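Biologist: I am new to this structure and should like to understand the terms used for it. May I ask how each label is justified?

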Amino acid sequence: MASALRADNIVKRFGSVTALDGVSMHVEPGEILGILGDNGAGKSTLMKILTGYQSPTSGTLQVHGQDVVLRSVDHARSLGIECVYQDLALVGGLSVAHNMFLNREKLRRFPPGMLDNGEMRRRARQVLEDIGVNIPSVDLEVERLSGGQRQAIAVARAVSSDARILLLDEPLAAMGAREAALIIDLVLRLKARGNLSIIMIMHNYGQTLDIADRIMLMQRGTVTYEKAAAETSVPELMDIVRREYRAVRSA
Amino acid sequence: MSLKPTPVSRASPNRAGATLDAFLRWREASIIVVAILLTIYFQAVNENFLTSANLETVSQFIAASAIIACGEVMLLICGEIDLSVGQVFALAPFLMHFGTNAGLPIIVAILLALVACGLIGAINGFITVKLRVPSFVTTLGTLYILNGVTLTLSHGSPVETGGSEAMGNFLGASPYAEILWAFAAVAVMHYVLRQTRWGLHTIATGGNLIGAAEAGINVARIKIGNFVLTSVLGGLTGILEAHRIGSIDPLAGGTTVMFLAVAAGVIGGTPLAGGSGTIIGALVGAIVLGVLRDGFTLQGINAYTFDIIIGAAILLAMISNIHLGRLRRGGGR
Ligand SMILES: Nc1ncnc2c1ncn2[C@@H]1O[C@H](COP(=O)(O)OP(=O)(O)OP(=O)(O)O)[C@@H](O)[C@H]1O
Ligand SMILES: [Mg+2]
C-alpha cells in the first residue's frame with residue numbers, strides 16, 4: 001500500500017539560509033510519526049511545506065501515491081491534509097465556533113453569502129463532543145480560553161473535516177502535565193478511530209516514545225536518525241544528540 | 001476529557017445590576033449614551049436644536065463622515081488606515097464632471113469615476129501589501145499626489161455639477177438624501193462585517209495576520225479589497241456632497257473629512273490596533289461629532305473652540321472605550 005504522505009529530497013532555502021537540506025520522509029496510513037530535533041532544525045519549515053503554506057525550493061511530494069505540487073493551504077486541505085501550527089493560528093477575538101470554521105465557513109442558501117452561524121455553532125459543539133473536548137460555550141471568544149483549551153480547539157478544528165493526514169507542530173508546547181496528558185489522550189483516541197496518519201513535532205523524548213509508532217530526528221536541515229519507537233529508547237536518542245553536538249562543537 | 005473554563009467571575013448582585021452589566025457589555029453602549037446625553041443637553045440650552053430645519057443641518061454634518069467611516073472601520077479592523085480618502089473625495093466629482101462634459105450619461109460618468117476611485121484604492125493596497133510600505137506612509141504619499149492631480153485637472157477652480165434636477169435630488173440635493181445614503185451604507189457594511197465571510201476574514205486578518213494566512217485566508221486580497229472599498233466610498237461621498245452643494249470644489253473634503261471619519265470610527269469603539277470594530281458604532285460616533293459641531297455652532301461657539309472640543313471628545317471616548325472594554329471582557333485589570 002502507498003504511503004499516506006511521502007516527501008523526497010526536499011530542499012528549502014530562505015535567501016542564504018538553508019532550512020531544509022534534502023529531507024526525505026514518509027508516514028503510513030494509521031501511523032503516528034514523531035519528529036524530534038533542535039530549535040531551528042527545520043521541523044516547522046518541513047511542516048509548512050507539507051501543508052502547502054510554503055513551496056519547497058526543490059524536491060517532490062506524494063499523497064497516497066500520487067505526485068502532487070501543493071499550490072496552497074486550501075489545496076492541501078482538499079487532499080485531506082490538516083494541521084495545527086506551532087502558533088495555533090487562532091484568532092483571539094473570534095468565537096470558538098468561528099475559529100473552528102475559519103476559512104471554510106458554513107453559508108446559508110438564502111440569502112446567499114450569509115454566514116450560517118447556527119449551523120457552525122451546532123457542528124462545533126458536535127465535533128468537540130465527538131472528540132471529548134469540554135468547552136463551556138462555543139460562543140466564547142478564544143482569547144478567554146486557557147492554553148490547553150486553545151490547543152484542543154486547534155486540534156478539533158483540524159480533525160473536524162475529513163482529515164486523513166494530521167500534522168501537529170509542538171502540540172504540547174507550553175502545556176502543563178495535566179493538559180499535555182489530555183492532548184496525548186486525544187491524539188491516541190483519534191488514532192484509534194483508524195485510517196488517520198499523524199505527524200507530530202515534539203520536544204520531549206519520553207512523551208514522543210510513548211505516543212509515536214516511529215521516530216525521526218532532524219538536525220540542521222537533515223534527517224539524521226529514524227527508527228520504530230519500540231526499537232529505541234530515551235538514552236539512545238540522547239546519545240545521538242550528544243554525539244552530534246560534540247561533532248558540531250569540534251568542527 | 002474535560003478542560004475546565006477559565007473562571008470569568010463577575011458578581012451581579014441584583015436585577016438592575018445585571019441589566020447594567022449587560023448594557024456595559026454591549027459594545028456601542030457608551031457612545032449611544034453619550035449621543036443621547038448630548039442631544040438632551042443641546043435641546044435644553046437651545047429649543048431650536050430638535051427642529052426639522054436644524055436636524056437637516058445636523059444630518060448633513062453627519063452623512064459624509066459616516067459613509068467614509070464605513071470604509072475606514074473595515075481598514076482599521078484589518079490593521080490598516082487610509083489617509084488619502086479625503087483627496088479621493090475631492091477628485092471623484094471632477095472625474096464625473098469630465099465624463100459628462102465628454103457626453104457620457106451622468107450615471108455612466110459616475111460609475112467610471114467610482115471605478116477610477118477603486119483603482120486608486122487598489123494602488124494604495126498594492127503598495128501597502130505587496131511592497132510592504134506601512135499604509136500610514138503609503139496613503140500619506142497618495143494623499144499629496146491626488147491633491148496635486150485634482151488641483152492640476154481643475155486648474156484650482158470650482159465648477160457646476162450640472163445634470164438633471166431629479167438626478168441632483170437623488171444624489172444629495174434633496175434635504176435628507178445624503179443621510180439616507182449614509183444609513184444605506186451603514187446597513188450594508190454592518191451586514192458585511194457581521195454576517196459574511198468577508199467581514200469574518202477582515203477581523204481574522206487584523207486579529208492574527210499569520211494565523212489567518214495559515215488558515216488559508218488570502219490576507220492580501222482582504223486588505224486590498226478594503227482599500228478599494230474605502231476609496232469607492234470616499235469617491236461616492238465626494239459626488240454626493242458636490243450635488244448637495246451644487247458645485248465641485250477642488251478643496252472639498254481633504255484631511256478634514258478623513259480625520260472626522262477616522263474619529264467617528266474610533267469614538268464609536270473601533271480600536272486602531274485591529275482585530276475588532278463596529279460599523280454601527282462609527283455611525284453613532286459620526287452622530288456625536290455632528291451633534292457637537294451643530295450644537296456648539298447654535299450656541300455661538302467658534303470653529304477654534306470646536307477643535308478643542310473634538311480633541312477632548314476623542315480622548316474621552318478612547319479612555320472610556322479602553323476601560324469599559326476591560327469591564328466588558330470580564331472585570332479583570
Ligand atoms: N520565513 C523564513 N525566512 C527566513 N528564514 C526562515 C524562515 N522560516 C524559517 N527560517 C529559518 O529556517 C530555519 C529552520 O526554522 P524552523 O522554524 O523550521 O525550525 P524548527 O525546527 O521548527 O525550530 P523550533 O524547534 O524552534 O520550532 C531557522 O534557521 C529559521 O531561522
Ligand atoms: Mg518549529
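**The magnesium site and chain B**

Modeller: Let us begin with the magnesium ion (ligand 2) of this predicted model: its protein donors are A:Ser44, through OG, and A:Gln86, through OE1, at 1.9 to 2.4 Å from the ion. A:Ser44 belongs to helix α1 (residues 43-50) of chain A, whereas A:Gln86 sits in the loop between β6 (81-84) and α3 (96-100) of chain A; the pair, 42 residues apart, links distant parts of the chain.

Biologist: What makes A:Ser44 and A:Gln86 donors of the magnesium ion?

Modeller: A donor is an N, O or S atom within 2.8 Å of the metal. The atoms OG of A:Ser44 and OE1 of A:Gln86 lie 1.9 to 2.4 Å from the ion, and therefore count as donors. Water is not among the atoms, so the site may look incomplete.

Biologist: Why does A:Ser44 count as buried?

Modeller: Buried means under 20% relative accessible area. A:Ser44 has 19%, and so it counts as buried.

Biologist: Why, then, is A:Gln86 called partly exposed?

Modeller: Partly exposed lies between the 20% limit for buried and the 50% limit for exposed. The value for A:Gln86 is 42%, so it is partly exposed.

Biologist: Turning to chain B, how do you know that it is as compact as a globular protein of that length?

Modeller: Chain B contains 14 helices and 2 strands. Its radius of gyration is 21 Å and the globule rule gives 20 Å for 333 residues; because the two are close, chain B is as compact as a globular protein of that length. Along its principal axes, the C-alpha trace of chain B spans about 70 × 55 × 35 Å, and 50% of the residues of chain B count as buried.

Biologist: What makes helix α9 of chain B mostly covered?

Modeller: Of the 11 residues in α9 (residues 197-207), 8 are buried, among them B:Leu200, B:His201 and B:Ile203. The buried residues of this helix pack against α3 of chain A, and also against α3 (52-77), α8 (177-195), α10 (209-214) and α11 (219-245) of chain B.

Biologist: Why is B:Gly172 called buried?

Modeller: B:Gly172, in helix α7 (residues 165-173) of chain B, has a relative accessible area of 2%, under the 20% limit, and is therefore buried. Beyond its neighbours within four places in sequence, its contacts include B:Ala177, B:Leu240 and B:Arg244. The C-alpha atoms of B:Gly172 and B:Glu241 are separated by 6.5 Å, although these residues are 69 apart along the chain.

Notes. Residues numbered from 1 in each chain as written. Chains lettered and ligands numbered in written order. Predicted model: local features only at pLDDT ≥ 70, side-chain atom pairs only at ≥ 80, totals over all residues. Heavy atoms only, no water. Helix = DSSP H or I, 4+ residues; strand = E, 2+ residues; numbered from the N terminus. Rg over C-alpha atoms; globule rule 2.2 N^0.38 Å. Buried < 20%, exposed > 50% of the residue type's maximum accessible area, 1.4 Å probe, protein only. Donors = N, O, S within 2.8 Å, 3.2 Å for Na, K, Ca; no water. Contact = heavy atoms within 4.5 Å.
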